[in-house]
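Student: Can you walk me through this model, strand by strand and helix by helix?

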Amino acid sequence: MKDNYRSVSLGNCLRIEADQLCVDYNGNVALYDASLDLRSGCICGLVGMNGAGKSTFFKALMGFVRPSRGIIRINGLSLQSAQRAQAVAYVPQNECIDYSFPVSVWDVVMMGRYGSMNSLRIPRESDRKAVFHALERVELNDLRHRPIGTLSGGQRKRTFLARAIAQRASVLLLDEPFNGVDIRTERLMAELFRQFKQEGRSILISTHDLSHVREFCDLVALINKTVLAYGNTSEIFTPENLTMTFGGMPPDLLSGTTSLESPDE
Amino acid sequence: MSDIALPLATFSWVSEPLSHEFMRRALFISALVGGVSGLLSCYMTLKGWALMGDAVSHAVMPGVVVAYALGLPFSVGAFVFGVGSVALIGFIKQKSRVKEDTVIGLVFTGFFALGLVLVSKIKSNIDLMHILFGSPLGISNEDLSQTLFIAFMVVALLLVFRRDLMLYCFDPTHARSIGINTVFLHYLLLSALSLTAVVGLQTVGIILVVAMLITPGATAYLLTDRFDRMTLLAIVSSAFSSLLGVYISYWFDIETGGAIVLVQTLIFLIAFLFAPRYGILINKHISSS
């Protein structure tokens, strides 16, 4: 059974438009003049140090902080309309979730359907099918009745990816998705991301893991209070740019990035 | 003969108090309040609002006193002061450098002290002991109908928004990103907390009402990994503790609120020791075998 993606038919449209965003917390500037356009079927890495404004950027894209200036559009819609249309899915960091919460894998993935259900959130057959297929795609169907607390790091990550799939979001925001993930999950994520691109979904990945950015992202945005550089990963990922992004950074990290320049690492 | 004597004794132990109107009423109201607070306690424990529950239940006290003095339903005063105390906690936390748990402790003791002072000033028609320790055995008709109304409203709201509230406790970021109004859910839970605190103080009193708001949830949490089952277990264990507490207080002539909460605590301890998956004794048994 083929899933139906409402917004895919828009073709090569702009998924995310962020224009000159400024965010400040009680006068402290967290982000200024940050602009970023992401077309459908693209994967973009958001790279910067802790406190550089990556999470602020994410929060702005989810409506958690209101930019003091600038405009955000998702699929050409205002953020609120896009959220109501279930266009935006957030895949949290594993550390941000309470895994002792009494819910099963199935329950969590079903939460991706809540926005499409009536207000009592009673699942219909179509919701169950969507959850089933999402679980199949992340290879978790056999574990669907397990409490989430019993899952490994990789399985947890896949659970939340399945939730985003079940939601049928066209924009995925992934927060540090490679932390604590096993090889099998990493391979599965690579394959999923390839499929997502074909389906016209766009992915924004916030991370400080440079090697994975090189491997997974077509585009990269270097962040330090603003978007310092944005473009194709191969063009943007230069030692000069990275030095600029990470400022007085530890040298081992820099040498780590330069070693990535050599192919077949 | 003794085969028959024991069941008969048990039967009369249960049935004899039922011949009194005040006991029927106390049992009914205690089970109802127990059930409602049991349901809410699941959200309190999962959201990590135990301290908030303590704060709100103390902060409703001046509200109850003011409402009595003005001739308003006590629920109105409780609601205003309960939600107001949390708003004040949020405001002080945001505007000062004092840490949140300190602010919570500071605000609720302040409110509670205000309540005590007000009671001593408007002493004539309010029984301080009634508010502090509850008295399900002497509940008035007016209080009874008000408690029924509030309990019905809280249960209806919690059931209608059951899934949304669960999602809000589990992953508010996701709730927000799919367009669910999390601010509304926050205040919904807060209102339910204030209203449940005020019905809870009828049976166990203001000092112990926080136990009703967390213990059943904590017990159920040790017994299951399914949210729906946790809700059911919390309601059942809470209502059962309330009934048993009232019976014990009748037969042994002890303080009712204390008896109810003691039974709840005992049930928690039993779960803590013997819960199938999370009990500490059972765990040892599995790991050694």
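Here are a few questions on one sheet and one helix.

Tutor: Ground rules: this is a predicted model, where local features need pLDDT of at least 70, side-chain atom pairs count only at pLDDT 80 or more, and totals for chains, interfaces and linings use all residues. Residues are numbered from 1 along each chain as its sequence is written, chains are lettered from A and ligands numbered from 1 in the order in which they are written, and side-chain values use heavy atoms, leaving out hydrogens and water.

Student: Which are the edge strands of the open sheet in chain A?
Tutor: Strands are DSSP E runs of at least two residues, helices H or I runs of at least four, both numbered from the N terminus. Two strands pair if DSSP finds at least two bridges between them. The order is S6-S7-S8-S3-S9-S10, with mixed pairing. Pairing on one side only makes the edges S6 (88–91) and S10 (227–232) of chain A.

Student: Which residue is the bridge partner of Leu219(A) in S10(A)?
Tutor: S9 (219–223) of chain A runs antiparallel to S10(A), and five bridges join them. Leu219(A) has as its partner Asn232(A).

Student: Why is H3(B) said to be largely enclosed by the rest of the structure?
Tutor: Buried means under 20% relative accessible area, exposed over 50%, partly exposed in between (1.4 Å probe, protein chains only). H3(B) is largely enclosed because its buried residues number 15 of the 21.

Student: Where does H3(B) bend?
Tutor: The bend is the angle between axes fitted to the seven residues ending at a residue and the seven starting there. For H3(B) that's about 25 degrees, with Pro62(B) following within four residues, and the bend sits at Met61(B).
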